[in-house]
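Subject: The structure I promised you

Hi there,

Here is the structure we talked about, ready for you to open. Have a look at it first, and then read on for what I found.

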Amino acid sequence: MSDVTGGWFDARIVTGAHPAALVPATDREAIAAHLDRYALSGALVSAMASWLHDPIGGNAEASAIAHDLADRGVLACWTAVPATSGELDSLTALVDRAVDDGVAAFRIHPASHGYSPALLDELYDALQTNRLPLCVDSAELAWPDLTTIATRYPELPIIVSNLGYRKLRELWAALTGHPNVFVDLVDFAAHQGVEWLAAHGLADRLLFATGLGVRDPGESVVRLAWSGLDDATVRLVGAENARRLLQGVRA
């Protein structure tokens, strides 16, 4: 399989262990083995701890992995929450620290962390200014909220993940209505959805990602490798779109 996937960039890996996951914990060694198995050019890594335990403190885990595997093209994705006394003083300052640390993107979990996405306007503005993408699972953000953010911050790339099944109508409206909205292949469960979007000129809005740590990576690998798309389109989805959106992705 590595002769097909060689050079692809995995735009979603989660380091750590989910308490109810059916997949093994993901640490530095597991990520390195994943890169080797599929001959990947790199990956974007966020921390399970930032999702399930300590949103801000967990960012250090993502950065530690990225620094340790920097020579393998691994980049960190930090998590943000609204500024709250004792937890986070300033979202702008958080983004500034991230830029200094070489972080490539941010992720939010409004539903899991219990806040309105409207409380993160300072974050969206700072990310747009620094051209850092915003990543979010479809279950974490209502489609009208996604539309609002994409409209107010048209230069902010937004990557939707974990799309699931029967979401293509909502996704179609988001993609055709907002050129700054993208979707990765983690749990992209629509039958021939990748082929359908590519046939309608939207291959440049798709990013290969496995969700290693929360999903079996074979799902996304097969979804793209066996899609029947031409080689140029596979390369576009496999790596070139990520290279365009994420600072630090290798050529």
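Below I go through the sheet, the helices that lie across it, and a couple of loop residues.

Please keep in mind that this is a predicted model. From the record, UniProt lists residues 66–246 as "domain: Amidohydrolase-related", in an unreviewed entry. Over that stretch the chain is 43% helix and 13% strand, and the C-alpha atoms at its two ends are 14 Å apart.

The sheet is a good place to begin. It is an open sheet of eight strands with parallel pairing, and the order is E1-E2-E3-E4-E5-E6-E7-E8. Its edges are strand E1 (9–15) and strand E8 (206–207), each of which pairs on one side only.

At the E1 edge, the partner is strand E2 (residues 42–47), and five bridges join the two in the parallel sense. If you want a spot to click on, Thr-15 stands opposite Ala-47 in E2. Two helices lie across this part of the sheet. Helix H2 (residues 28–38) lies across E1, E2 and strand E3 (74–79), and runs at about 160° to E1. Helix H4 (residues 59–68) lies across E1, E2 and E3 as well, running at about 175° to E3.

Now for the other end of the sheet. Strand E6 (residues 158–161) pairs with E7 in the parallel sense over three bridges, and Val-160 stands opposite Val-183 in E7. Which way do the side chains of strand E7 (residues 181–184) point? Val-181 and Val-183 point one way, Phe-182 and Asp-184 point the other way, and all of them are buried.

Together, E6, helix H9 (residues 168–177) and E7 make a right-handed β-α-β unit. From E7 the chain then crosses through helix H10 (residues 193–199) to E8, in a β-α-β crossover that is also right-handed. E7 and E8 pair in the parallel sense over two bridges, with Asp-184 standing opposite Leu-207 in E8.

Finally, two loop residues to look at in the backbone. Most residues other than glycine have a negative phi. Asn-162, in the loop between E6 and H9, has a positive phi, near 55°. Gln-192, in the loop between E7 and H10, likewise has a positive phi near 55°.

Happy to go through any of this with you on screen.

Best wishes

Definitions and conventions: Residues are numbered from 1 along each chain as its sequence is written. This is a predicted model: local features need pLDDT of at least 70, side-chain atom pairs count only at pLDDT 80 or more; totals for chains, interfaces and linings use all residues. Side-chain values use heavy atoms; hydrogens and water are left out. UniProt positions are given in the numbering used here, feature names are shortened, and annotations may be inferred rather than shown by experiment. Helices (H or I, at least four residues) and strands (E, at least two) are DSSP runs, numbered from the N terminus. Two strands pair if DSSP finds at least two bridges between them. Contact means heavy atoms within 4.5 Å. Axes are lines fitted to C-alpha atoms, for helices over the stretch in contact, and angles run from 0 to 180 degrees between N-to-C directions. Buried means under 20% relative accessible area, exposed over 50%, partly exposed in between (1.4 Å probe, protein chains only). A crossover is right-handed if, with the strands pointing away from the viewer, the path from the first strand over the helix to the second runs clockwise.
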